[in-house]
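Subject: Structure handover and notes

Dear colleague,

I am passing on the structure we spoke about, together with some notes on what turned up in it. Please look at the sequence and the model before reading on.

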Amino acid sequence: MVTFFTLYVAQRLRFFEPKAIESQTIILFGLLNGTSIGLLNLSLGFNSIGFYQMTKLAIIPFTVMLETIFLKKKFSQSIKLSLLVLLLGVGIASVTDLKLNLLGSILSLLAIATTCVGQIVSFVAMTNTIQKKLKVSSTQLLYQSSPYQAAILFAAGPFVDKFLTKQNVYGYSYSPVVVGFIIMSCLIAVSVNFSTFLVIGTTSPVTYQVLGHLKTCLVLSFGYTLLHDPFTAKNIIGILVAIFGMALYSYLSVSESKKKVADALPVSQMKNEESPLLGSKGSGHHQDKENN
């Protein structure tokens with residue numbers, strides 16, 4: 001809701017122009033992504049931290065598989081190798097324990113499925129369809145869908161939480177300090193939501209997940225630097241391997257996108273074509289320049 005109200009103020013100040021979108025499409029969009037958020041949080045609540053990290057790691061290969069099957073996108077062997085190196089590094093750095101339980105495992109599988117489908121179908125296929133018909137940008141789409149994401153979490157969250165944990169969120173004593181941290185978290189989430197739509201809209205779901213694992217490495221590093229969390233040689237090696245995998249993925253993505261652009265354009269137009277930072281312009285996962 002904070003994201004919605006922030007964007008409402010932004011559009012009132014003429015930072016972007018709001019556009020009406022078909023109700024059925026935007027409701028489906030919001031509900032799917034709201035469900036994904038809820039399931040990921042439930043997965044964290046009912047699994048060990050190690051198994052939760054494994055759930056997040058599994059999103060990349062599942063995303064690659066779904067894009068290959070349903071969107072007919074081709075991933076080169078070198079790209080797959082770089083992703084494998086990245087996953088190996090993040091796994092070494094962050095996965096500590098793998099305690100399993102049936103409910104947690106089911107929630108993790110559902111979280112992986114809804115996250116992958118949400119990012120591929122909603123963010124990519126649906127976004128491109130909407131943009132071709134109505135020329136709607138990522139900001140306009142986020143503005144229209146955020147109330148529905150908030151609604152599904154507000155309506156289902158407390159009841160699901162009470163059913164699973166036997167605790168009532170409304171029975172918690174919200175002190176001023178707690179409320180202050182909740183507000184701060186919401187404000188930070190505005191930039192997270194906004195950047196998520198921009199990154200996936202201009203690159204691809206796989207690139208977004210790669211950046212997410214960079215965040216994991218940064219969290220571990222800042223935890224050690226600022227909070228003096230325990231840091232072992234395994235963490236350092238894992239972070240270095242993960243960073244190497246990210247750099248390799250970025251280099252290969254840029255190289256392959258340049259090659260595709262060069263193959264698609266006549267020689268006379270090659271000099272005027274700009275290359276994207278990450279991903280391929282011809283992959284079907286990019287928004288038009290004016291929408292960014």
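The notes below go through confidence, the record, the cores, the aromatic rings and two serines.

Please keep in mind that this is a predicted model, in which the mean pLDDT of the chain is 76 and 78% of the residues reach 70 or more. Among the elements of the chain, α1 has the highest mean pLDDT, at 91, while helix α5 (residues 102-134) has the lowest, at 65. Over residues 270-292 the pLDDT stays under 50, and for this stretch the model has 55 contacts beyond four places in sequence.

As for the record, an unreviewed UniProt entry lists residues 21-44, 50-71, 78-96, 102-129, 172-194 and 233-252 under "transmembrane region". I looked at two of these stretches in the model. Residues 21-44 are 92% helix and 0% strand, with the end C-alpha atoms 34 Å apart, and residues 172-194 are 83% helix and 0% strand, with the end C-alpha atoms 30 Å apart.

Turning to the interior, the largest nonpolar core has 18 residues, and those with the most contacts inside this core are Ile60, Leu83, Leu86 and Val210. At least two of the core residues come from each of α3 (49-70), α4 (77-94), α8 (205-227) and α9 (233-264), and α4 gives the most, with 6 residues. Leu83 illustrates how such residues meet, for when residues up to four places away in sequence are set aside, Leu83 touches Ile60, Val64, Val206, Val210 and Tyr249. Another core, of 12 residues, lies apart from the one just described, and Phe4, Ile26, Leu141 and Tyr143 are among its members.

The aromatic rings deserve a separate paragraph, since a search of the whole structure finds 4 aromatic pairs. In one of them, the rings of Phe16 and Tyr143 have their centres 5.7 Å apart and their planes at 70°, so this pair is edge-to-face, the cut-off for that class being an angle over 60 degrees. Phe16 lies in the loop between α1 (2-12) and α2 (23-46), whereas Tyr143 lies in helix α6 (residues 138-165), so the pair ties together parts that are 127 residues apart in sequence. Both partners fall under the 20% limit for buried residues, as the relative accessible area of Phe16 is 12% and the relative accessibility of Tyr143 is 10%. Ring pairs also link Phe4, Phe5, Phe16 and Tyr143 into a cluster. Elsewhere, the charged end of Lys166 sits over the ring of Phe163, 5.5 Å from the ring centre.

Finally, there are two serines that you may wish to find in the viewer. Ser82 is found in helix α4 and is buried, with a relative accessible area of 0%; leaving out residues up to four places away in sequence, Ser82 touches Gly245, Leu248, Tyr249 and Leu252. Ser145 lies in helix α6 and is buried as well, with a relative accessible area of 0%. Apart from neighbours within four places in sequence, Ser145 is in contact with Ile26, Phe29, Gly30 and Phe197.

With best wishes

Key:
Residues are numbered from 1 along each chain as its sequence is written. This is a predicted model: local features need pLDDT of at least 70, side-chain atom pairs count only at pLDDT 80 or more; totals for chains, interfaces and linings use all residues. Side-chain values use heavy atoms; hydrogens and water are left out. Rings of Phe, Tyr and Trp (its six-membered ring) pair if their centres lie within 6.5 Å; planes under 30 degrees apart count as stacked, over 60 as edge-to-face and the rest as tilted. Helices (H or I, at least four residues) and strands (E, at least two) are DSSP runs, numbered from the N terminus. Buried means under 20% relative accessible area, exposed over 50%, partly exposed in between (1.4 Å probe, protein chains only). A charge sits over a ring if NZ of Lys or CZ of Arg is within 6 Å of the ring centre and within 35 degrees of the ring normal. UniProt positions are given in the numbering used here, feature names are shortened, and annotations may be inferred rather than shown by experiment. A nonpolar core is a set of buried Ala, Val, Leu, Ile, Met, Phe, Trp, Tyr and Cys residues joined through side-chain atoms within 4.5 Å. Contact means heavy atoms within 4.5 Å. pLDDT is the predictor's confidence in each residue, from 0 to 100.
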